[in-house]
Each structure stands twice: as structure tokens, then as C-alpha cells.
Amino acid sequence: MFIHDDSIKKFDKKIWLASPTMHGEEQKWINDAFDKNWITTAGENINIVEKEIAEYIGRKQAVALSSGTAALHLAIKLAAEKLYGMPQVGHGSLEGRRVFCSDMTFDATLNGVLYENGNPIFIDTEYDSWNMDPVALEKAFEIYPDVKMIVVAHLYGTPGKIKEIREIADRHGALIIEDAAESFGAKVDKVQTGCFGDYSIISFNGNKIITGSSGGMLLCDDVEDANKIRKWSTQSREDAPWYQHEELGYNYRMSNIIAGVVRGQLPHLEEHISQKKAIYERYKEGFKDLPVKMNPIPDNTEANYWLSCMIIDQDAMCQTVRGEKKAIYNAESGKSCPTEILESLMSYNAEGRPIWKPMHMQPLYRMHPFVTSLGNGRAKSNAYIKESGMVDVGVDIFERGLCLPSDVKMSSEEQNIIIEIINRCFI
């Protein structure tokens, strides 16, 4: 139960969850674009960041796009056309076909499935990494053996069990779209995330570990695939002296200005990872006497520690109820809940966030199948889950977990105050 202490002063400036951290080189490459008048979706900055990111991650091709969501959409569209052929005019590339998708994620991971008129089937989360559960995925193939596409995300900078997922996909002849938007720089057995999907993406949104304010990157190994993405992203213009269009296109290319920001950020990626890791370790030490655990980092992985998160032990949760847009709780001595902690941080001018609400709980997706490894692993309806009293892994993490202030500009002294505020929630 949180007890306000006047000895802890409200932060003069807001402590953000994760805000952009600029270093100066960014302005140099923005000015370079201005000086050369490349104020468009072409230019040296774009060419260089595509080359440098492909080399860093270990892919042969990288295509700079306007956002991670745009990259996901075109990756899903390309994979669908590889699997099913070009759609009829007015039809999506998936057109009712099922796609296995991460359940506990931001909805951008799977929006492209709906853009292409596909039918997402949500795969439960596992506790080891807070990512897609390979056991549930295997069970999903038993139920839906015709599925040929998997969209899988790495959350909060921690890789999932992507090698196991890759093996399952290969065995069933399925393609993987790897959403590494949050995990740029993270590794599995020394291999970068972004290397495991048939098509992979990263994001440069304002809160990511490397930012361009916006922007994203699609990664693949085939030059023809990369050129196809470039064509689609520039309105599918044909190689003709006039504007010739033979298939649907999109205005998805990255600006050379945005690419300049990314170019200036790239040399600081390892520095940001190191700073994020230090934040995670300080939280872990500061919470050692509390009934909580930090988000897990599996042994064979190197996280980028984009966001530090925590989960409250079940027996230390105070009574709490969440509706669609609001939550209420009963304060209890020695116990707390995510809502109480987030409200307490907010009262001192610090920002935290709830864990991603699982997709199968979202009003938009409640009628879509959901597969868990709990029980018999069958596809469950939300009504069945509610009536049976069963709580799947993603829902459990959502109910007990939260994201902590993880901004690299936060000083250790400021973080110590945040740690003290959270400790007081369990008094």
C-alpha cells in the first residue's frame, strides 16, 4: 500500500519511459541532406543506413521504409504472394487465410495480416522470455495444419525462442515474418535478431533503442525480394518513361531526412544497449527484497534491454479489477498491483506503462482463435476461458506486470528514487 512521503520530491522534469537520446551526429547528416538538396525519399543517407544495418545484422538486403508497421505490412504481403500467388484486384494477398501471430504484442505486429484480409490466430506467450510459446505453436499446427505463415515478435528487447520456432516452421513448410522492432541489437546464440525470419523488420520509432523519430527497415536475403519491396513502397511505378502502374503500390519509403537521424544514431547503438542494461541491473538489485521479478532474459540470449519490466508475485497482488479502459484496486498492506505502482510513479512525474494487453483480449480480435499450451492446448474462445477460470500466460503477465521508466538519460540518482517509490508501494 503506497504511503506518500514528503521527503521524496516530485521530479522537476519528467522521467520518461523511453525517449529519444540525441548525440549531435544526427544534425550533421540532416544538414548534409539539406546542403545537397536531397529532401526526398532518396539520397545518400538512405543508401548508407540500408547498407550499414544489413551488414550489422547479417542480412544481404535492407530496405528503408516509413515505419516498422509499413515494413511489416510489405513483408506479410510479399510472403503471402510467395505462398499463394498474386491476389485478384480488390482482394488481399491472404484473403481469409489463417496466420499464426504473437498474442502479447503491440497490434502493429499483426495489422498487416488484416490489411491483406487474413485471419490471425493468436499463439499464447511463455514465461521464459515473455514471447511466443513454441509448445503452443506446435499445438496450433495440429489444429490448423494448413497454416503457412507465422508472425512472431521479440518483446521489450528480449528475443523469444526463435530457433525452436524456426525449426517448427521449417517442418511445416511455413514462412516467418520476424518482428524485431523492439530488439535491434539483441542476439540468440550470438546471432542477431532479424536474421531468423524469411522476412524481418526493425523500427526507428521515437521510443526505440535507435530512433529516426519514425521509420523502419525490412530485412531479407534475396535482391529480387528487396527490389519488389522498393517498387511497392514507391507506388509500384513501372520502368517506363511515363507513370505506368500494373499492381497496387504504397507510399512507404523513408525520407532522406529521417535516414540522416538514423545514420547519426547508429554509432551509439552499443552504448545505448550498455546503458539500458545498467538500468535493468539497478532495478534488479533495488527490488531484491520485494515480491517481484524482472522480465526474464533466457540464458542463450543477449537482450538489448530496451524496456525494463517487472512482474509482481501472485500472492503479493492486491485485489484489482480492469475494465476496458479503467482499473480499480483495493490498497492492501504489504501488497500492490501495476495500477497502484503506475499511479504512484505518475504522482512524482515519472512514466511507466502497462504490459502489452494480449491481442485475444482486444475488442477488435475477440472472435479470433487463440491457442495455448495450457490444458489440452486446443483453440479456446474467450467465453470458454472466462467460464473455466483458466488464465493463459499472456493474461497473467498482463495482469501482474508493468514497464518501468527506462530512459537512458535518467540518472542513477533519479532511478534510485523510482526504486524507493516502488518499494513504498509494498509497505
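Ala, Val, Leu, Ile, Met, Phe, Trp, Tyr, Cys and Pro count here as nonpolar, Asp, Glu, Lys and Arg as charged, and the others, Gly among them, as polar. With that in hand, welcome to four close-up views of a predicted model.

**View 1. The second largest pocket and the residues that line it.** This pocket has a volume of about 630 Å³. Its lining is made up of 34 residues, and those nearest the centre are Phe106, Asp107, Ala108, Glu182 and Trp356. Sorted by kind, the lining holds 17 nonpolar, eleven polar and six charged residues. Which elements each supply at least two residues of this lining? They are the helices α3 (68–84) and α4 (108–115), together with the strands β8 (199–203) and β15 (353–354). The most comes from α3, which gives three residues.

**View 2. An open sheet of three strands.** Follow the strands in the order β7-β6-β11, and you will find the pairing antiparallel. The edges are formed by β7 (191–192) and β11 (301–302), each of which pairs on one side only. As a reminder, strands of a sheet pair through backbone hydrogen bonds. Look next at β6 (residues 187–188), which pairs with β7 over two bridges in the antiparallel sense. Here valine 188 stands opposite valine 191 of β7.

**View 3. Serine 129 in its loop.** The loop that holds serine 129 runs between β3 (119–123) and α5 (134–143). Is serine 129 buried or exposed? Its relative accessible area is 2%, and buried means under 20%, so serine 129 counts as buried. Its side chain makes a polar contact of 2.4 Å with the side chain of glutamate 126. Setting aside neighbours within four places in sequence, serine 129 is also in contact with Thr158, Pro159, Gly160 and Lys161, and with the two prolines Pro296 and Pro298.

**View 4. Isoleucine 8, in the segment before α1.** Isoleucine 8 sits in the stretch of chain ahead of α1 (25–35). Its relative accessibility is 11%, so isoleucine 8 is buried too. Which residues does isoleucine 8 touch, not counting those up to four places away in sequence? They are Tyr348, Ile417, Glu420, Ile421 and Arg424. For a sense of distance, try finding methionine 310 as well: methionine 310 and isoleucine 8 are 302 residues apart along the chain, and their C-alpha atoms are separated by 22 Å.

How values were computed:
Residues are numbered from 1 along each chain as its sequence is written. This is a predicted model: local features need pLDDT of at least 70, side-chain atom pairs count only at pLDDT 80 or more; totals for chains, interfaces and linings use all residues. Side-chain values use heavy atoms; hydrogens and water are left out. On a 1 Å grid over the protein atoms alone, a cavity is a set of points where a 1.4 Å probe fits but cannot get out, and a pocket is an open set with protein on both sides within 12 Å along at least five of seven lines; lining residues have an atom within 4 Å of a point. Grid points are joined across faces, edges and corners, and a volume is the space filled by probe spheres set on the points. Helices (H or I, at least four residues) and strands (E, at least two) are DSSP runs, numbered from the N terminus. Two strands pair if DSSP finds at least two bridges between them. Buried means under 20% relative accessible area, exposed over 50%, partly exposed in between (1.4 Å probe, protein chains only). A polar contact is a pair of N or O atoms within 3.5 Å; within protein, one must be able to donate a hydrogen and the other to accept it, and residues adjacent in sequence count only if both atoms are side-chain atoms. Contact means heavy atoms within 4.5 Å.
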